[in-house]
Amino acid sequence: MGRKFRFCGDGDCPDWVLAEIHANLAQLTTDQLNELGEHTAKSILGANLSESDLNQIYPKGSLDAPKGAIACLRFLLTSAARYDTDVSVFGTELQQLGLPKEHAATMCRLLAQYVQKIRSVLRDNSLRINQLESFECNIPKNTIDCIQLKLGIQNEIVDGLPKQTSHTVNLNRNDALLLLNELKAVRDTMENYNFDKKYTEQK
């Protein structure tokens, strides 16, 4: 039976996280880890993380290593915040996973600094996979019974990095009406849920 970790909700640490800790995070200097951790924490809160930021920490070349490190740091910080992990416990568990003591101390400082803000973001986004930032609906030229949806997404994870993205979807008229009816049904369900929850709390 594998060791259980509080920051993983008293579950196993994912193998990919363990691999990134050994092969990536532990190889950085504490200053590099702190800088990368700062960028990652701020990206969790909604800030953009550019490749130029990463080039100041990693030598120019493949972005596989920084992307892996960021994905790992996002998991560590958000999981520790989600499961209300004590900072000292977090540091001990990171050392048990192979992160050097000085590096674990850096991660503890980052968690203590950002944990409340990260929890707030997790609560606000608890029912969102990616945050919808903008929405446009158009009728393309020279088409029949077709509409075009343009969705702007904030902080979509692309290759391990949070980015602002846009997606275009073409729908025929019947599919669009079906989608609209389904979205209205979801809205009504959520409104009823919020009303019932508020009524229960007031009793």
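**Figure 1. Accessible surface of the predicted model.** The protein chain exposes about 12,700 Å² of accessible surface. Carbon and sulfur atoms hold 50% of that area. Of the 203 residues in the chain, 36% are buried.

**Figure 2. Order of helices and strands along the protein chain.** Seven helices and three strands are present. Read along the sequence, they run α-α-α-α-α-α-β-β-β-α. Among contacts with a separation of 6 or more, 58% join residues 24 or more positions apart.

**Figure 3. Close-up of T40 in helix α2.** Helix α2 spans residues 30-44 and includes T40. The relative accessible area of T40 is 0%. The cut-off for buried is under 20%, so T40 counts as buried. Setting aside neighbours within four places in sequence, T40 contacts I70, L73 and R74.

**Figure 4. Lining of the second largest pocket.** The pocket holds about 350 Å³ of space. Three elements each give two or more residues to its lining: β1 (131-138), β2 (146-158) and α7 (173-202). Helix α7 gives the most, with five residues. The lining residues are L132, F135, C137, I147, L149, L151, L171, A176, L177, L179, L180 and L183.

**Figure 5. Residue classes in the lining of the second largest pocket.** The lining has 12 nonpolar residues. Polar and charged residues are absent from it. Leucines in the lining include L132, L149 and L151. F135 and C137 also line the pocket, as do I147 and A176.

Note on methods. Residues are numbered from 1 along each chain as its sequence is written. This is a predicted model: local features need pLDDT of at least 70, side-chain atom pairs count only at pLDDT 80 or more; totals for chains, interfaces and linings use all residues. Side-chain values use heavy atoms; hydrogens and water are left out. On a 1 Å grid over the protein atoms alone, a cavity is a set of points where a 1.4 Å probe fits but cannot get out, and a pocket is an open set with protein on both sides within 12 Å along at least five of seven lines; lining residues have an atom within 4 Å of a point. Grid points are joined across faces, edges and corners, and a volume is the space filled by probe spheres set on the points. Helices (H or I, at least four residues) and strands (E, at least two) are DSSP runs, numbered from the N terminus. Ala, Val, Leu, Ile, Met, Phe, Trp, Tyr, Cys and Pro count as nonpolar, Asp, Glu, Lys and Arg as charged, and the others, Gly among them, as polar. Buried means under 20% relative accessible area, exposed over 50%, partly exposed in between (1.4 Å probe, protein chains only). Contact means heavy atoms within 4.5 Å. Accessible areas come from the Shrake-Rupley method with a 1.4 Å probe; for residues, only the protein chains shown count as cover.
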